[in-house]
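Pull up the model in your viewer and keep the sequence beside it. We'll take a walk through it, a few residues and helices at a time.

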Amino acid sequence: MTTTAPVASPVDFATYGDYTLKAATRPDGSFARPLYRFRDRVTADGVTADGVTADGDGGFPAEPGRYHLYVSLACPWAHRSVIVRALLGLEDVVTMSVVDPVRDGRGWAFREGPGHGPDEVNGFTLLREAYEATEPGYDGHVSVPVLWDRRTGRIVSNNFPDISLDLGQAFGRWARPGVDLYPEDLRAEIDALNERVYADVNNGVYKCGFAESQEAYDAAVTALFAALGELDERLAGRRYLFGDRITEADVRLWVTLARFDTVYVTHFKANIRRLADHPNLWRYARDLYANPAFGGTTDFGHIKRHYYGTHPKINPLRIVPAGPVVDWSL
């Protein structure tokens, strides 16, 4: 498709430096994730996905064609939204743009390349422009995913847990029939498991990789592999985390598992055991990968280029390794 949308100039570390997180490491050397500034919700019939009544100002009701996702295929937090969108069949309801997986000091950018391209909605060249359009003078962390509202010309949310919940619930009337990722009878259990998985697995790998003391790393890697062991046991007698149906919990766990042996084992030193060494988790991960919403939205090229190319403290020479060769077939 021919486009006239502008794109950012090529990645240039010499001119722009490295992108840095707008958050400080804790005094003990442990990693602290930046806060997410924009946290409005898309609603169905005035109620959010987790049952909270929307504000009386009209809010952001679900409508086809109104909302746009800005994502990176490399980022696990953004990948969740991409998977949910595909599971629900919302590709024609909520549009999407993909950023370049490599970012210099300017942050996420729109460039032509395999699997990514220009911003056809607003013509932004840098994702930062969406943040500045929403809050002039914004100087916080610029993250993906971003849910953009065409009608008001602003970000609805950059809070990744809310975005995937709202995609999964608020757009039900346009979604593929029979898919409910957050069923009411399991919500309390899903929430409890998600909290544990986020703390020790999703964010746990980052706590390992960005630890700045031996003690912080030791605590993080111990908690990570304890949680993986428990999850492996949980999956011994069931197909998915809650039986025979895919839920929000599976989406949240899987995005970390997909990156585990490819980057986290080496790049983040999460190397006590590989994912492939956990028999039930490995079977479960490959089962989900066979689903096009999971495997079809996974780009290992983007994943490797991003992690190995944009964390100079961990990989200062930015060399992207050739392997590992992982067979995801069942």
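What follows covers two helices, the cysteines, some salt bridges, an annotated domain and a serine. Keep in mind throughout that this is a predicted model.

Let's begin with helix α2, residues 76-88. It has 13 residues, and at 1.5 Å a residue they should span 18 Å; the end C-alpha atoms sit 19 Å apart, so the helix agrees with that expectation. How much of α2 is buried? The count is 13 of the 13 residues, so α2 is largely enclosed by the rest of the structure. Just past the end of α2 you'll find G89, with a positive phi of about 70°.

Now jump to α8, which runs over residues 248-267. Its 20 residues should span 28 Å at 1.5 Å a residue, and the end C-alpha atoms are 27 Å apart, which agrees. The end-to-end distance isn't the whole story, though: α8 has a kink of about 80°, centred on F260. This helix is mostly covered as well, with 19 of its 20 residues buried. Right after α8 comes K269, which takes a positive phi of about 60°.

On to the cysteines. How many disulfides does a search of the whole structure find? It finds zero. C75 shows why: the closest cysteine sulfur belongs to C208 and is 18 Å away, too far for a bond, given that a disulfide needs the two sulfur atoms within 2.5 Å. Seen from the other end, C208 is in no disulfide either, and its nearest cysteine sulfur is that of C75. Are these two buried or exposed? C75 counts as buried because its relative accessibility is 8%, and C208 counts as buried because its value is 2%.

Charged pairs are next. Side chains of opposite charge can pair when their charged atoms come close. With a cut-off of 4 Å between the side-chain nitrogen and the carboxyl oxygen, the count comes to 18 salt bridges. Three of these pairs are worth clicking on.

Take D40 and R154, whose closest N and O atoms are 2.8 Å apart. This salt bridge links distant parts of the chain: D40 is in the loop between α1 and β1, R154 is in strand β6 (residues 154-157), and 114 residues separate them. Both partners are partly exposed, D40 because its relative accessibility is 28% and R154 because its value is 24%.

Then there's R111 with D100, where the closest N and O atoms are 3.0 Å apart. Both of these residues are in the loop between β4 (95-98) and α3 (128-134), eleven residues apart. Where does this pair fall on the accessibility scale? R111 is buried at 6% relative accessible area, and D100 is buried at 4%; the cut-off for buried is under 20%.

The third pair is R196 and E230, with closest N and O atoms 2.5 Å apart. R196 lies in helix α5 (residues 187-202) and E230 in helix α7 (residues 214-234), so this salt bridge ties together parts that are 34 residues apart in sequence. R196 is partly exposed at 30% relative accessible area, and so is E230 at 43%. Elsewhere, salt bridges that share partners join E63, R66, D149 and R151 into one network.

Zoom out a little for the annotation. The unreviewed UniProt entry labels residues 183-310 as "domain: GST C-terminal". That span is 69% helix and 0% strand, and its end C-alpha atoms lie 38 Å apart.

Our last stop is S329, in the segment after α11 (300-309). S329 counts as partly exposed because its relative accessibility is 43%. Which side chain does S329 meet in a polar contact of 2.5 Å? The partner is D327. If you'd like a long-range distance to check, S329 and R103 are 226 residues apart in sequence and 31 Å apart in space, C-alpha to C-alpha.

Conventions:
Residues numbered from 1 in each chain as written. Heavy atoms only, no water. Helix = DSSP H or I, 4+ residues; strand = E, 2+ residues; numbered from the N terminus. Expected span 1.5 Å × (residues − 1). Bend = angle between axes of the 7 residues up to and from the residue. Buried < 20%, exposed > 50% of the residue type's maximum accessible area, 1.4 Å probe, protein only. UniProt positions renumbered as here; feature names shortened; annotations may be inferred. Polar contact = N/O pair within 3.5 Å; in protein donor to acceptor, adjacent residues only side chain to side chain.
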